[in-house]
Every structure is written in structure tokens, then in C-alpha cells.
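Let's take a friendly walk through this model, one sheet at a time, and then look at a few side chains. Keep the viewer open as you read.

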Amino acid sequence: MSIMCAVYVPEGIALAADSRMTVTAYQNNDMNKTMTFSVSDNAQKIVLLNKVKVGISACGNAVLDNKTISDYLRIFEINEVSETDDVTDVANKLHRYAHKFFPATNFFVCGYSSDEPFVYTVNKEVVRNNAHNGQIRYATSWSGEPIAIQKLMNEKPQMMVNHGMMPLRDAIDFAEFLVDVTIKYKRFESTVKTCGGDIDVLVLTKDDAFWHQHKIFKPIR
């Protein structure tokens, strides 16, 4: 499992995710007995499509036919994405691609259209964005291991966050914080440690898309 979150504010979008890859195996070929364990802390769960400056994060099934989700997203960019596409086009194309290759994976597709920030939730069932009645809604979206963030954001007393007034720098820090607090929550919970490793953070604005931190492209240590 994973944790990924997108914080979208007027100045831009911060997309963050952990790096742990886990697998679930059957014990002694018994379909009723499974064992989940970590195989790597270096999974790439966020991909920047340089061709169109769109960021995609993924959680759920991350390996198919010995290819990782990042491999498939690179193939998707090469074969399916055009330089004239905007974030809406990419989300709709990924929806069709997910039906074929990743029916058990959830994606965030983030970028700009007409100078407005859009965050799409995409899986084989839905393509949904952050607009409501034609108005952009600034908020935080998360997927994967939800409990820690839900306790902060949804349960009483709720954490009060004004996304409409939040500067981009704070959005970056907030996205990283939410992933980090989930990693720490899973560390101390008496269950499988399904989140961990470095936190990658991609930033998208009207003018640019860049890695704030990334274990390979922009390491923090």
C-alpha cells in the first residue's frame, strides 16, 4: 500500500508520496492465507510527464508483468500523450489506460488548464476533478492508507486549514507533513508497515513543474 496526497492552492499544486513497495503473497498456495511484506523503499510513485508538465501519482497495484507503475506511465507518456494535451486530456486517456493495465490502482493527475489548477482522481471507475459547478475548489486530496490523515482532517475536532489563503510554500510543507505523519502512524501501529522510505514532492504552477525533493532526481541528503 502507499500514501499519496495533493494539496492545491491558488499558487500551485504540491504532490507528495512515500516510497515503500509492498507485496502480498499466498502462504503455501492457500488463497485464504496471505502475507504482506516490504520489498523496497525506493519505489517511484510520482511521475512528471515532461511533455505536458502534468504530474501523476499512483497507489494500489504497482507491479504488473514485472513492470512497475512508473515504467507503465513512461510508456503511457510516449505512446498516448501528445504535446497539445492538457491535464484533462491526460486524465481521460489515463482512465482508458487504467482499465486495460491497472484496474486496482488509484491515480492523481495534476496540472493546469486555462491557467487553473486541476487535480483529477482517476481509476478504472471514475475521472473526477476539483471543480464544483464550474468553480475551482482548493483543498487536499489523499489516497492509499487514509486513517492518519482522516483523523486530522475529518474527525472532530477537525484540523482547520484555509487552502484558499495558503501560500505555495506552505502547501509544499503541508503535503510533505501529511505523508510523513502517515508513515509515522504506520510505524507505531501494530500492523504491517505499508508506508515508508523517502518522501518525493513534485510542484506544479502556471509556469513550471519541478521536483522540490526526489530520492533520485533531487535527493535531500
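## The sheet with β1 and β2

In what order do the strands of the open sheet containing β14, β1, β2, β15 and β16 run? The order is β14-β1-β2-β15-β16, and the pairing is antiparallel. Please bear in mind from here on that this is a predicted model. At the edges stand β14, residues 139-144, and β16, residues 209-213. Each of these two has a single partner strand, so one side of each is left without a neighbour in the sheet. From one strand to the next, the twist averages 15 degrees.

If you would like a place to zoom in, try the pairing of β15 (residues 200-204) with β16, which is antiparallel and runs over four bridges. There, Val201 has Gln213 of β16 standing opposite. Helix α4, residues 168-188, packs on this sheet and touches β1 (3-9), β2 (12-17), β14, β15 and β16. The direction of α4 makes about 160 degrees with that of β1.

## The sheet from β5 to β11

Another open sheet is built from five strands in the order β5-β6-β9-β10-β11, again with antiparallel pairing. Its edge strands are β5 (46-49) and β11 (127-128), and each of them pairs on one side only.

β5 and β6 (residues 54-60) make an antiparallel pair with four bridges. Two of the residue pairings are easy to pick out: Leu49 has Val54 as its bridge partner in β6, and Leu48 has Gly55. The hairpin of these strands has four residues between them, and in this hairpin Lys53 takes a positive phi near 55 degrees. On to the next pairing: β6 and β9 run antiparallel and are joined by six bridges. Ile56 stands opposite Val109 of β9 here.

## Helices across the second sheet

Two helices are worth displaying together with the β5 to β11 sheet. Helix α1 (residues 69-80) lies across β5, β6 and β9 (105-113), at about 15 degrees to β5. Helix α2 (residues 87-101) lies across β5, β6, β9, β10 (116-122) and β11, and runs at about 165 degrees to β9.

How much of β6 is covered? This strand is mostly covered, with six of its seven residues buried.

## A histidine in α2

Now for a side chain that rewards a close look. His95 is found in helix α2, and with a relative accessible area of 18% this residue counts as buried, because the cut-off for that class is under 20%. What does His95 touch beyond its neighbours within four places in sequence? The contacts are Val122, Asn123, Lys124, Glu125, Val126 and Val127.

Two distances help to place this site. The C-alpha atoms of His95 and Lys124 are 5.9 Å apart, although 29 residues separate the two along the chain. A polar atom of the His95 side chain also lies 2.8 Å from the backbone oxygen of Asn123.

## Salt bridges

How many salt bridges does a search of the whole structure find? The search finds ten. One of them joins the side chains of Lys93 and Asp85, with an N to O distance of 2.7 Å. Lys93 is partly exposed at 21% relative accessibility, whereas Asp85 is buried at 13%.

Lys186 deserves a view of its own. Its side chain meets that of Glu145 in a salt bridge of 3.9 Å, N to O. This pair links distant parts of the chain: Lys186 sits in helix α4, while Glu145 is in the loop between β14 and α3 (147-153), 41 residues apart. Lys186 is buried, with a relative accessible area of 9%, and Glu145 is buried as well, at 16%. Lys186 also forms a salt bridge with Glu189, where the closest N and O atoms are 2.9 Å apart. Glu189 is partly exposed at 23%. Glu145, Lys186 and Glu189 are thus linked in a network of salt bridges.

Definitions and conventions. Residues are numbered from 1 along each chain as its sequence is written. This is a predicted model: local features need pLDDT of at least 70, side-chain atom pairs count only at pLDDT 80 or more; totals for chains, interfaces and linings use all residues. Side-chain values use heavy atoms; hydrogens and water are left out. Two strands pair if DSSP finds at least two bridges between them. Contact means heavy atoms within 4.5 Å. Axes are lines fitted to C-alpha atoms, for helices over the stretch in contact, and angles run from 0 to 180 degrees between N-to-C directions. Buried means under 20% relative accessible area, exposed over 50%, partly exposed in between (1.4 Å probe, protein chains only). A polar contact is a pair of N or O atoms within 3.5 Å; within protein, one must be able to donate a hydrogen and the other to accept it, and residues adjacent in sequence count only if both atoms are side-chain atoms. A salt bridge is a side-chain nitrogen of Lys or Arg within 4 Å of a carboxyl oxygen of Asp or Glu.
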